[in-house]
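Here are my notes for you, as numbered points. Keep the structure open while you read, and look up each residue as it comes along.

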Amino acid sequence: MANDGPVEHGYPHLETVRAAITALYKRLSYDTIQTFASSVVPADVAFCDTDDLHLGAQRVAHELVRHYRLPDARLVVGFREMRHAANVELTAGPEYFVELNDRFRTHRRDIGAALAHEVMHVYLHRLDLSFPGVRDNEILTDTATTYLGAGWLLLDAFREDGASSQKLGYLTPEEFGYVLAKRALLFGEDPSVWFTSAQAYTAYVKGMELARRDGQQPPLTAAGWAGRRRYARDRRHAPAGPPQPGVRYAFSPDGGGRLRVSFPCPTCHQRIRVPVRGRVRARCALCRSVLECDT
């Protein structure tokens, strides 16, 4: 939790974020991901200053348990002084103890954001899905929280001005915006109407720009002129050397000596391999996206 300290910006964890989206599709399947088409809505996690602190926190936790479809999980929420925003004790269940930073006693509007992350820890624990190392595992948790419909709360908790700052989670604001944009493009959802933070909206717009560029890379037909020209040049020299810096496609011969190109799916980032033979329609086996390519 960045509390009146510097907030990191940009995309330093982008490859881990993309790997996390792929891991979600592999572990959950396309059909399960589709069941999360509706996000948590503000009314379900609203928390005003007149609400009882503990009863309100329990109510919000229950709503997030319901959203993640963990009906047999029970969360007991408490508060104490700590360095991080929150912590959950991962056990066999069905009861889990969540501790929130004492700061949330007076910053109740962000309790839903903190709990969204901690309940996702429980969800991933039950799935037995994790990344090695604390940092990457927390990035996986933030990414899953956002992609499955509750992470807009974490981005909305980001506030920054000349005198103070606050950010929850391990992703940068722009990375939260990127994952939220990937979700929005998948489900046709506009989460920006729920933001109360102007800084969150700005980060979302920047993330959307990057998310759209994923679908505009060669060999996809939506690629721009410069990308297509570079692709054509690289194709002429393939597969003589390694992929050039800054490109995500790679050429290689198949068993019969014919050239193929591999590239990441713009939806789930699973790599797809297709023959180099002009116009090709590819279907991602993992997320079922149909991609128009000019190879």
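1. A bit of vocabulary before we start: two strands are said to pair if DSSP finds at least two bridges between them. Also keep in mind that this is a predicted model.

2. Now put that to use. Which residue stands opposite valine 98 in β4? That is valine 77. The strands β2 and β4 (residues 95-101) run in the parallel sense where they pair, over seven bridges.

3. Zoom out a little and you get an open sheet of three strands, in the order β2-β4-β3, with mixed pairing. β2 (74-80) and β3 (86-89) are the edge strands, as each of them pairs on one side only. On average, neighbouring strands here are turned by 20° against each other, if you ignore direction. Helix α5 packs on this sheet and touches β2, β3 and β4, with its direction at about 145° to that of β4.

4. Next, the inside. In soluble globular proteins, nonpolar side chains tend to be buried together. In this model the largest nonpolar core has 91 residues, and Tyr68, Leu100, Ile111, Leu115 and Tyr123 have the most contacts inside it. Helix α5 (residues 111-127) gives the largest share of this core, with eleven residues.

5. Have a look at leucine 115. What does it touch, leaving aside its neighbours within four places in sequence? The list is Ala57, Val60, Ala61, Leu64, Val77, Val98 and Leu100. You have met Val77 and Val98 already: they are the two that stand opposite each other.

6. On to the rings: there are eight aromatic pairs. Take phenylalanine 195 and tyrosine 204, with ring centres 5.9 Å apart: their planes are at 65°, and edge-to-face needs over 60, so this pair is edge-to-face. Both phenylalanine 195 and tyrosine 204 are buried.

7. Tyrosine 231 and phenylalanine 251 make a tilted pair, at 5.3 Å centre to centre and with 45° between the planes. This pair links distant parts of the chain, 20 residues apart: tyrosine 231 is in helix α10 (residues 225-237) and phenylalanine 251 in strand β7 (residues 250-253). Are they buried or exposed? Buried means under 20% relative accessible area. Tyrosine 231 has 0%, so it counts as buried, and phenylalanine 251, with 15%, is buried too.

8. Last one: Phe36, Tyr68 and Tyr123 form one aromatic cluster. Arginine 69 lies over the face of phenylalanine 36, at 4.5 Å from the ring centre.

Note on methods: Residues are numbered from 1 along each chain as its sequence is written. This is a predicted model: local features need pLDDT of at least 70, side-chain atom pairs count only at pLDDT 80 or more; totals for chains, interfaces and linings use all residues. Side-chain values use heavy atoms; hydrogens and water are left out. A nonpolar core is a set of buried Ala, Val, Leu, Ile, Met, Phe, Trp, Tyr and Cys residues joined through side-chain atoms within 4.5 Å. Buried means under 20% relative accessible area, exposed over 50%, partly exposed in between (1.4 Å probe, protein chains only). Helices (H or I, at least four residues) and strands (E, at least two) are DSSP runs, numbered from the N terminus. Contact means heavy atoms within 4.5 Å. Rings of Phe, Tyr and Trp (its six-membered ring) pair if their centres lie within 6.5 Å; planes under 30 degrees apart count as stacked, over 60 as edge-to-face and the rest as tilted. A charge sits over a ring if NZ of Lys or CZ of Arg is within 6 Å of the ring centre and within 35 degrees of the ring normal. Axes are lines fitted to C-alpha atoms, for helices over the stretch in contact, and angles run from 0 to 180 degrees between N-to-C directions.
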